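Trainee: Please take a close look at the strand pairing in this model. I would also like to know what lies against the strands.

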Amino acid sequence: MKDIFIYKNNTIIETLEKLQKVGSQCLIVVNKNYSLLGTISDGDVRRAILKNNNLNLKIEKFYKKNCFKVRKSENNLKDYSHKTKNYKTELNSLHVIPVVDKKNKVVDLIYQDTENLRSNNLFKNLEVVIMAGGLGTRLRPYTNILPKPLIPFNKKTIIENIIDYFLKYDLKNFHISINYKNYLISSFFKELKPSYKIKFLYEKKPLGTAGVLQKLKNKKEKIFVVSNCDSLIDINLKDLIDFHKKNNFDLTIVSSSEIYKIPYGVCKIVNNRLSNIIEKPQSDFLANTGFYVVNSKIFSLIKKNQSLSFVELIKISLKKKKKIGVFPISSSNWKDLGQSINFEKK
């Protein structure tokens, strides 16, 4: 039970990491005596990150202090139907409810199946695109022999690792863009004879990480999850799609919460003179993981046979006043296999 507890002095990044480590949508905020202080959900943490962009802030200003709770003497949630009116929104977002004794100490937890509270149509009209047409220059010399998608990783190819993630959610329709050594990729899947469906998006010339998506512009009312072929993501896909839909975003970027520490003292200079020296400063930022949720209407912004990066597509979308969201995740839930240093760690 204590795995789901957290303290108000914990930081935003610590809270995000714990949420994803325990696979929970909510943590119970307690003091050192395990008395209930409130709850904090994954949505609370993401809003805090997007509002402040400081991962080392403490959560004391962000958790819900007036949270729903159950008294130990009343152990049936149905008996609380007349008391939950003011907590309806919160209850729909929490999968765990604290049970407290007379002294407000958390003595038990009640779990509810929040998966059933979501729409059964969450994945309706959802398709997957894997961008596998790149040269893989960052992974040379490996990619001098094999295209990046077919390089072995964890006893499978990189692209199979990515596909396996989506198969967990029973998604079985894939579009795969191919260009560099495309005959090897298409031959691999022909021989593999997978149980899922694949449609190849052939690039006659390199079209960047977004140009080939123009081929999907006539897919009306569709939502696509687009993944680079070097991005391994380990998050709850239902949370991401729910976030995208509830906020009516046209495009959602999955971003990794990163902290970069400079291992030196940094000199601040004014008129050639030292004004200050800061020992080992650090910077917080949200890194683009190359994993997106995109409404099909965005693809109409791409010109036919136009070479376009996804970052350029995002910039065009911003100019066109499209609604773009950011879904922060912990750095521990993203592995960038496009860099040999990460690939070799496995």
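Mentor: Start with a short stretch of pairing: strand 5 (residues 96–100) is joined to strand 6 by five bridges, and the two are antiparallel. Val100 has Val106 of strand 6 opposite it. Bear in mind that this is a predicted model. Strands 5 and 6 belong to an open sheet of three strands, in the order 4-5-6, with mixed pairing. Its edges are strand 4 (70–71) and strand 6 (106–111), each of which pairs on one side only.

Now the sheet with seven strands. This one is also open, has mixed pairing and follows the order 11-10-7-12-17-14-18. Strand 11 (197–202) and strand 18 are its edge strands, each paired on one side only. From one strand to the next, the twist averages 30 degrees.

Within this sheet, look at strand 17 and its two partners. Strand 12 (residues 223–228) pairs with strand 17 through five bridges in the antiparallel sense. Ser227 has Phe291 of strand 17 as its bridge partner. Strand 14 is also antiparallel to strand 17 (residues 282–295), and 10 bridges join these two. Here Tyr260 is bridged to Ser283 of strand 17.

Strand 14 also pairs with strand 18 (residues 324–330), this time in parallel, over seven bridges. In that pairing, Thr252 is opposite Gly325 of strand 18. How much of strand 14 is covered? Most of the strand, which spans residues 251–261: eight of its 11 residues are buried.

Two loops that lead into these strands each hold a lysine worth checking. The loop between strand 16 (273–279) and strand 17 contains Lys280. The phi of Lys280 is near 45 degrees, a positive value although the residue is not glycine. Lys280 counts as exposed because its relative accessibility is 52%, and the cut-off for exposed is over 50%. Lys321 sits in the loop between helix 7 (310–319) and strand 18. Lys321, again not a glycine, has a positive phi of about 65 degrees. With a relative accessible area of 74%, Lys321 is exposed.

Next, what packs on the sheet. Helix 1 lies across strand 14 and strand 18, and its direction makes about 80 degrees with strand 18. Helix 5 (residues 182–192) packs on the sheet too, where it touches strand 10 (173–178) and strand 11, running at about 170 degrees to strand 11.

Helix 1 has a second neighbour. The axes of helix 1 (residues 12–22) and helix 2 (residues 42–52) come within 10 Å of each other and cross at roughly 145 degrees. The crossing is left-handed. On the side of helix 1, the contact is made by Ile12, Thr15, Leu16, Leu19 and Gln20; helix 2 contributes Asp42, Val45, Arg46, Ala48 and Ile49. By type, six of these contact residues are nonpolar, two are polar and two are charged. A general point helps in reading such a list: an α-helix has 3.6 residues a turn, so residues three or four places apart point the same way.

That leaves the nonpolar interior. The largest nonpolar core has 42 residues, and Ile130, Phe166 and Leu237 have the most contacts inside it. Helix 4 (residues 158–167) gives the most to this core, with six residues. Among the residues that Leu237 contacts, apart from neighbours within four places in sequence, are Phe123, Tyr165, Phe166 and Val225. A separate core of 25 residues includes Ile6, Ala48, Cys67 and Val106. Two of these names have come up already: Ala48 is part of the contact between helix 1 and helix 2, and Val106 is opposite Val100.

Why is helix 4 largely enclosed by the rest of the structure? Eight of its 10 residues are buried, and the cut-off for buried is under 20% relative accessible area. The buried residues of helix 4 are Ile158, Ile159, Glu160, Asn161, Ile162, Ile163, Tyr165 and Phe166. Tyr165 and Phe166, at the end of that list, are among the residues in contact with Leu237.

Definitions and conventions
Residues are numbered from 1 along each chain as its sequence is written. This is a predicted model: local features need pLDDT of at least 70, side-chain atom pairs count only at pLDDT 80 or more; totals for chains, interfaces and linings use all residues. Side-chain values use heavy atoms; hydrogens and water are left out. Buried means under 20% relative accessible area, exposed over 50%, partly exposed in between (1.4 Å probe, protein chains only). Helices (H or I, at least four residues) and strands (E, at least two) are DSSP runs, numbered from the N terminus. Two strands pair if DSSP finds at least two bridges between them. Axes are lines fitted to C-alpha atoms, for helices over the stretch in contact, and angles run from 0 to 180 degrees between N-to-C directions. A crossing is left-handed if the near helix is turned anticlockwise from the far one by less than a right angle, and right-handed if clockwise. Contact means heavy atoms within 4.5 Å. Ala, Val, Leu, Ile, Met, Phe, Trp, Tyr, Cys and Pro count as nonpolar, Asp, Glu, Lys and Arg as charged, and the others, Gly among them, as polar. A nonpolar core is a set of buried Ala, Val, Leu, Ile, Met, Phe, Trp, Tyr and Cys residues joined through side-chain atoms within 4.5 Å.
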